[in-house]
Amino acid sequence: ETKPPLTRDEILRLLKAESRGRLGQTNIVIEVVERGIAFPVDEPTLEELRLAGARSLLLEEIRRSGKNPRAGENDATSEESGQQGRPQGLEQLPLLEQARHHALDFVQELPNFTVTQVVRRYARPRGNRKWELQDTLEVELSYSGDKGETFKMLSVNGARTRMTYEQLGGSTSTGEFGSMLVGLFAPQSQAEFKEIKSELFRGYETVVFDFRVRTPNSRSQITDKASGREIISGYQGSVWIDTESKRVLRLELSHDDIPSGFPVTMAENAVEYDWVTIAAKRYLMPVRAEMLLGGERGGYTRNVIEMRNYHKFEADVKILTSDDSPH
């Protein structure tokens, strides 16, 4: 059954549902592509949709559809002319643009989950080619749509600990669960991409693109814990995109515009993604990450992070009786 074109109120309802994590904007884009729209597109309307959460890719599709609006089901147009005036579907976009759609919807599509991170932290003094294991951390990371990421320290070198994640010294990293992807593909980053080669990565056919994000457009932050100083730096690197799912399977980057005199002189990150099952559904999630830092104080640090045992996040609720209440 052919559905009628989308109204402005329908798109607003879809955006409201998407904000609760039930529908990704990629699906709304496809709805616009397949059904068209039944309202005039002007700047006040676009601004209303933008305030409701519509991102640039959806707004662009609405603009394209607005040039060929469908007023209703009974429009007298031939099938051929309809196909010629129809906007491109997501599957017809170039590989890089399809990957951009999925990357920008990544955080919105995340379920509430808990995962155990095993972090092995290494150090290498300058002039020494051997990495020395400093410690092994076990961290419970919980994610929920309303609170984002929360960390709970479980053990250090196999011994249980009451130390909080915030109290932990040494090098730590965040951003594996979406912000690196969004930072790269967000339109305001103005990333420059260049296709390099095709490559088999963990059994998947991928296309590798090199990229660069310049400092004025970057959101990538580096913080030196010892001094409390922090900077925003540009970066460059490579991204591996699966030709079947059109999703990123590996992302690696190196910051290339760190100011002279900043305590951290080198910062590199890499994240690998794979399909995992959470509550009987499959999601593409980070499974491994690495971070490499070098500093003016000498030496290098390297963190190797493995994600294990993804499962649904469920909050613990305790009902206090009168006997349990404090006196």
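This section describes the sheet, the largest pocket and two loop residues of a predicted model.

The strands β4, β3, β2, β1, β13, β12, β11, β10, β9, β6 and β5 follow one another, in that order, in an open sheet of 11 strands with antiparallel pairing. At the edges of this sheet lie β4 (159–160) and β5, each of which pairs on one side only. Helix α6, formed by residues 95–104, packs on the sheet and touches β5, β6 and β9 (235–242). The direction of α6 makes an angle of about 95° with that of β9. Within the sheet, 14 bridges join β11 and β12 in the antiparallel sense. Met266 has Gly294 of β12 as its bridge partner. In general, the strands of a sheet pair through backbone hydrogen bonds, in either a parallel or an antiparallel manner.

The largest pocket of the model has a volume of about 1,100 Å³. Its lining comprises 41 residues, and Thr172, Ile222, Thr223, Met291 and Leu293 are those that lie nearest the pocket centre. Several elements supply at least two lining residues each, including the strands β1 (113–124), β2 (132–144), β10 (248–255) and β13 (300–312). Helix α8 (179–185) and strand β7 (221–223) likewise each supply at least two residues of this lining, as do β11 and β12. The largest share comes from β12, with four residues. Classified by residue type, the lining of the largest pocket contains 20 polar, 14 nonpolar and seven charged residues.

Two residues were examined for their backbone conformation. Most residues other than glycine have a negative phi. Arg202, although not a glycine, has a positive phi of about 50°. Arg202 is found in the loop that connects β5 (192–201) with β6 (204–213). With a relative accessible area of 36%, Arg202 is partly exposed, because this class covers values between the limit for buried residues, under 20%, and that for exposed residues, over 50%.

Ala279 also has a positive phi, near 50°, and is a residue other than glycine. Ala279 is placed in the loop between β11 (264–278) and β12 (281–295), the two strands that pair over 14 bridges. The relative accessibility of Ala279 is 52%; Ala279 therefore counts as exposed, the cut-off for that class being over 50%.

Definitions and conventions:
Residues are numbered from 1 along each chain as its sequence is written. This is a predicted model: local features need pLDDT of at least 70, side-chain atom pairs count only at pLDDT 80 or more; totals for chains, interfaces and linings use all residues. Side-chain values use heavy atoms; hydrogens and water are left out. Buried means under 20% relative accessible area, exposed over 50%, partly exposed in between (1.4 Å probe, protein chains only). Two strands pair if DSSP finds at least two bridges between them. Contact means heavy atoms within 4.5 Å. Axes are lines fitted to C-alpha atoms, for helices over the stretch in contact, and angles run from 0 to 180 degrees between N-to-C directions. On a 1 Å grid over the protein atoms alone, a cavity is a set of points where a 1.4 Å probe fits but cannot get out, and a pocket is an open set with protein on both sides within 12 Å along at least five of seven lines; lining residues have an atom within 4 Å of a point. Grid points are joined across faces, edges and corners, and a volume is the space filled by probe spheres set on the points. Ala, Val, Leu, Ile, Met, Phe, Trp, Tyr, Cys and Pro count as nonpolar, Asp, Glu, Lys and Arg as charged, and the others, Gly among them, as polar.
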